[in-house]
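Subject: Structure for your files, with notes

Hello,

The structure we spoke about is below. Please keep these notes with it.

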Amino acid sequence: MYTDLQGKVVVVTGGSKGIGRGLVEAFAKAGSKVYFTYLSSEAQAKQIEDQLLSEGWFARAAQVDGSSLEHVRAYINEIIAAEESIDVLINNAGFIPRGLFLTTTDSIMDKTMDTNFKGVYNYCSVALKYMVLKKQGVILNMTTLSSYLPAKGQSAYSASKAAIESLSKVLAIEYGKYNIRVNTVAPGLIETEIVKSISDQVKSDILSKTPLNRLGNVEDVSNAALFLASDQAKYITGVQLLITGGKHLC
């Protein structure tokens, strides 16, 4: 369907599980050359890489600490040396702490901001320079419904993702003249491993306030990302696409 994504160089951070894995698989199967990172899930990343390669798709995994500008710069430069460009950057890696504000320690707040916001800043600051030289590129930053509709117990998480939303809009304004589009994808509750830790009562409460009356799945998110990265969305920039089943309305 998205033939224009064939051969595109796509970087996905945090691609070893959950939504990240779905993004890696979706873009690889659209014919893109997908480079993806992981922090600690080496076995899972290798399994994804081997599976996609065995099916004839391109996928390369690498362990990268996104909170380190030095690590990110070295990784992006390796990709540029091999491919000469980065067409799509998807910042997906994230940390989700839970707890009321006064129980959120300095270390938790620092880890949340370093992983979520600083990671996006680092990747954008390096990759954008190459996109500007090529005068083209797409950046998709994964955020959350909580950046639009904050929830109790998510002060650090919501704040970090709201910062990404704001940064993304500024980048869209500043770099649109270089034919670079920057958008965010904000999922609601998506059926991943993390959701299994949520009680049935909490899930039931969420579904009661979700017009489509179901949880989202990884394909709902990856389909949206494919669209925003493709030429079908070539006049869309600076938007927050909510993938929530309508939960943001209630």
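The notes that follow go through one helix, a few buried residues, the empty spaces and two backbone angles. Please bear in mind that this is a predicted model.

Helix 5

Helix 5 covers residues 155–175, which makes 21 residues. At 1.5 Å a residue a span of 30 Å is expected, and the C-alpha atoms at the two ends are 30 Å apart, so the expected and the modelled values agree. The buried residues of this helix are Ala156, Tyr157, Ser158, Ser160, Lys161, Ile164, Glu165, Ser168, Leu171 and Ala172. As background to that list, an α-helix has 3.6 residues a turn, so residues three or four places apart point the same way. The cover over the buried residues of helix 5 includes helix 4 (106–134) and strand 5 (137–142), as well as strand 6 (180–187) and strand 7 (240–243).

Glu165

Which residue of helix 5 has a side chain in polar contact with that of Gln240? The residue is Glu165, and the distance is 2.8 Å. Glu165 lies in helix 5 and has a relative accessible area of 8%, so it counts as buried, the cut-off being under 20%. Apart from neighbours within four places in sequence, Glu165 is in contact with Thr143, Ser147, Thr184, Ala186 and Gln240. Gln240 thus appears both in this contact list and as the polar partner of the Glu165 side chain. The C-alpha atom of Glu165 is 26 Å from that of Ser40, with the two positions 125 residues apart along the chain.

Thr13, Thr37 and Tyr38

Thr13 sits in the loop between strand 1 (9–12) and helix 1 (18–29). Its relative accessibility is 3%, and Thr13 is therefore counted as buried. What do polar atoms of the Thr13 side chain face? One lies 2.8 Å from the backbone nitrogen of Asn92, and the backbone nitrogen of Ala93 is 3.0 Å from a polar atom of the same residue's side chain. Beyond four places in sequence, the contacts of Thr13 are Thr37, Ile90, Asn91, Asn92, Ala93 and Tyr123.

Thr37, one of those contacts, is found in strand 2. Thr37 is buried too, at 3% relative accessibility. Not counting residues up to four places away, Thr37 touches Val12, Thr13, Gly14, Gly15, Ser16, Ala62, Val64, Tyr75 and Tyr123. Tyr123 is therefore listed for Thr13 and for Thr37.

Tyr38 is also in strand 2, which runs over residues 33–38. With a relative accessible area of 10%, Tyr38 is buried. Its C-alpha atom is 5.0 Å from that of Gly14, although the two are 24 residues apart along the chain. Residues up to four places away aside, Tyr38 touches Ser16, Ala45, Ala61, Ala62, Gln63 and Val64. Ser16, Ala62 and Val64 are among the residues touched by Thr37 and by Tyr38.

Cavity and pocket

Rolling a probe the size of a water molecule over the atoms shows where empty space is left. The count comes to 1 cavity of 30 Å³ or more. The largest cavity has a volume of about 40 Å³. Its lining consists of Ser85, Ile86, Asp87, Tyr130, Met131, Lys134, Gln136 and Gly137. Helix 4 contributes the most to this lining, with 3 residues. Sorted by class, the lining has 3 nonpolar, 3 polar and 2 charged residues.

The second largest pocket holds about 230 Å³ of space. It is lined by 14 residues, and those closest to its centre are Lys8, Gly137, Val138, Ala229 and Asp231. This lining divides into 6 charged, 4 polar and 4 nonpolar residues. Gly137 is found in the lining of the largest cavity and in that of the second largest pocket.

Positive phi

Most residues other than glycine have a negative phi. Where are the exceptions noted here?

- Lys135 has a positive phi of about 55 degrees. Lys135 is placed in the loop between helix 4 and strand 5, and its relative accessible area of 53% makes it exposed.
- Asn179 has a positive phi near 65 degrees. Asn179 is placed in the loop between helix 5 and strand 6, and at 48% relative accessible area it is partly exposed.

Regards

Notes:
Residues are numbered from 1 along each chain as its sequence is written. This is a predicted model: local features need pLDDT of at least 70, side-chain atom pairs count only at pLDDT 80 or more; totals for chains, interfaces and linings use all residues. Side-chain values use heavy atoms; hydrogens and water are left out. Helices (H or I, at least four residues) and strands (E, at least two) are DSSP runs, numbered from the N terminus. The expected span of a helix is 1.5 Å times one less than its number of residues. Buried means under 20% relative accessible area, exposed over 50%, partly exposed in between (1.4 Å probe, protein chains only). Contact means heavy atoms within 4.5 Å. On a 1 Å grid over the protein atoms alone, a cavity is a set of points where a 1.4 Å probe fits but cannot get out, and a pocket is an open set with protein on both sides within 12 Å along at least five of seven lines; lining residues have an atom within 4 Å of a point. Grid points are joined across faces, edges and corners, and a volume is the space filled by probe spheres set on the points. Ala, Val, Leu, Ile, Met, Phe, Trp, Tyr, Cys and Pro count as nonpolar, Asp, Glu, Lys and Arg as charged, and the others, Gly among them, as polar. A polar contact is a pair of N or O atoms within 3.5 Å; within protein, one must be able to donate a hydrogen and the other to accept it, and residues adjacent in sequence count only if both atoms are side-chain atoms.
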